[in-house]
Amino acid sequence: VIASHAVVLESPGAEPVLRRVEWDNLVDDEVLIRVAATGICHTDLSCASGVLPSAFPLVLGHEAAGVVVEVGPTVTRFEPGDRVVVSVAHHCGHCRYCESGKPALCLYRGASRQRLTLDGQLLFQGFGTGTFAEHTVLREISLVAVPASVPLEVAAVTGCAVVTGLGAVLNDAQVSAGATVAVFGCGGVGLSAVMGARLVGAARIIAVDPDERRRALALQVGATDAAPPDLEALRTLEPDGVDYGLEASGNPQAMVLALDFAASMGTVVLVGLPSGEVSLPVPVTRFAGLNQRLVGCNMGGLRPNIDFPRYFRLYADGRLPLDMLTSTKVPIEEAARGFALARDGQSPRVLLTTDD
Ligand SMILES: [Zn+2]
Ligand SMILES: [Zn+2]
């Protein structure tokens with residue numbers, strides 16, 4: 001067995017505590033990585049509180065980067081010392097969704113064995129990743145190499161926030177140069193969407209958020225305007241509405257606002273994951289009459305071996321200000337403080353870091 005430490009949640013709402021845990025020895029295509037940095041995503045918080053149902057006791061975390069320590073007998077693409085980012089797609093590579101370029105929807109996603117224990121008791125590896133830990137074990141398919149030009153903290157936030165926000169713009173909405181865009185919710189995902197809209201040459205990028213500090217961050221990373229979530233305020237900026245609305249907050253009212261502020265023929269992408277069961281009251285005339293499009297988005301249409309390398313390259317070329325997302329770091333021993341900071345929402349991302 002491999003002894004290490006991980007942030008364990010005993011039950012929904014419990015305090016996250018760093019505990020000594022044990023990983024089984026590696027088999028087949030498994031890889032042991034030393035986690036360098038791991039971001040706390042809103043989905044982690046929803047699982048920790050019990051709003052999203054999960055099995056406990058549990059190690060959460062799915063946005064991470066680190067260094068390969070050891071590889072299983074059939075691993076071919078990695079060796080100890082390699083820098084890697086975690087992909088939550090865990091795709092098989094040959095089902096109809098994988099072959100359609102949507103590996104995050106893989107039919108066999110998440111199929112992996114139980115390999116983590118605490119004092120002999122089974123621990124659940126949340127999302128199949130369990131990265132709120134000093135080490136984690138993943139299958140080779142769930143890792144992508146990180147070039148030397150990209151710090152591991154930046155690679156970590158790319159794992160969920162950046163691939164989701166950028167992918168919503170580039171893969172799902174396919175925003176065109178000169179278009180008008182509104183981004184609703186300016187946390188890590190929304191800020192990444194703003195960066196993506198800037199990157200593809202959108203003419204106007206309106207950042208919508210009730211929090212003034214988050215609006216200010218959006219203006220720093222490329223938004224042309226910022227406004228609170230109020231239709232009249234938005235209409236003063238674009239009276240006819242926008243070509244693309246990207247909803248990144250998961251708030252149902254913001255989803256309705258995104259549709260209300262979309263132009264005829266406009267596209268609204270629902271990126272944010274609401275807590276629990278949510279339905280939207282949407283007039284059908286928007287689609288049959290105004291010809292609007294409502295588009296779903298799972299992990300920004302992530303194709304791990306296409307999207308991670310291109311986002312890393314754009315960062316290294318100075319075209320994606322991802323350092324903006326890595327300013328708040330908390331040692332993993334203080335995970336409870338990290339969770340509180342993430343819940344508070346003032347920082348676009350909170351990272352748990354290990355000492356290496
Ligand atoms: Zn996430
Ligand atoms: Zn598949």
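## Salt bridges

A salt bridge is a side-chain nitrogen of Lys or Arg within 4 Å of a carboxyl oxygen of Asp or Glu. In this predicted model, R310 and D307 meet that condition, with N and O 3.0 Å apart. R310 and D307 are 3 residues apart in helix 9 (residues 304-316), a separation of about one helical turn. Their exposure can be given as well: R310 is partly exposed, with a relative accessible area of 29%, while D307 is buried at 0%.

A search of the whole structure gives 18 salt bridges. One of the pairs is D29 with R139, whose closest N and O atoms are 3.0 Å apart. D29 sits in the loop between strand 2 (17-23) and strand 3, and R139 in strand 10, so this pair ties together parts that are 110 residues apart in sequence. D29 is buried, its relative accessible area being 17%; R139 is partly exposed, at 32%.

R337 also forms a salt bridge, with E334, and here the closest N and O atoms are 2.7 Å apart. R337 has a relative accessible area of 43% and is partly exposed. E334 is likewise partly exposed, with 34%. In addition, D24, E30, R113 and R115 are linked in a network of salt bridges.

## A buried glutamate without a salt bridge

E134 is located in the loop between strand 9 and strand 10. It is buried yet has no salt bridge, and the nearest side chain of opposite charge, R34, is 4.0 Å away. Leaving aside residues up to four places away in sequence, E134 touches S4, H5, L18, I33, R34, V35, I332 and T354. R34 is therefore among the contacts of E134, although the two do not form a salt bridge.

## Zinc site

The zinc ion (ligand 1) has three protein donors: C41 through SG, H62 through NE2 and C160 through SG. These donors lie 2.0 to 2.3 Å from the ion. In sequence the donor residues follow the spacing C-x20-H-x97-C.

C41 belongs to the loop between strand 3 (30-40) and helix 1 (42-49), and C160 to helix 3 (residues 152-173), so the two cysteines tie together parts that are 119 residues apart in sequence. Both C41 and C160 are buried.

## Aromatic pairs

The structure contains 2 aromatic pairs. In one of them, F132 with F339, the ring centres are 5.6 Å apart and the planes stand at 70°, so the pair is edge-to-face. The cut-off behind that label is a plane angle over 60 degrees.

F132 is in the loop between strand 9 (124-125) and strand 10 (135-139), and F339 is in helix 10 (residues 335-344), so the pair ties together parts that are 207 residues apart in sequence. Both F132 and F339 are buried.

## Helix 9 and an exposed arginine

R313 is placed in helix 9. With a relative accessible area of 61%, R313 is exposed. R313 and V146 are 167 residues apart along the chain, and their C-alpha atoms are separated by 10.0 Å.

## Overall fold

The protein chain has 10 helices and 19 strands. Its radius of gyration is 20 Å, close to the 21 Å that the globule rule gives for 356 residues, so the chain is as compact as a globular protein of that length. The C-alpha trace spans about 65 × 40 × 35 Å along its principal axes.

Of the 356 residues, 56% count as buried. Among contacts between residues at least 6 apart in sequence, 70% join residues at least 24 apart.

Methods: Residues numbered from 1 in each chain as written. Chains lettered and ligands numbered in written order. Predicted model: local features only at pLDDT ≥ 70, side-chain atom pairs only at ≥ 80, totals over all residues. Heavy atoms only, no water. Donors = N, O, S within 2.8 Å, 3.2 Å for Na, K, Ca; no water. Helix = DSSP H or I, 4+ residues; strand = E, 2+ residues; numbered from the N terminus. Buried < 20%, exposed > 50% of the residue type's maximum accessible area, 1.4 Å probe, protein only. Phe/Tyr/Trp six-rings, centres within 6.5 Å; stacked < 30°, edge-to-face > 60°. Lys, Arg positive; Asp, Glu negative; His and termini not counted. Contact = heavy atoms within 4.5 Å. Rg over C-alpha atoms; globule rule 2.2 N^0.38 Å.
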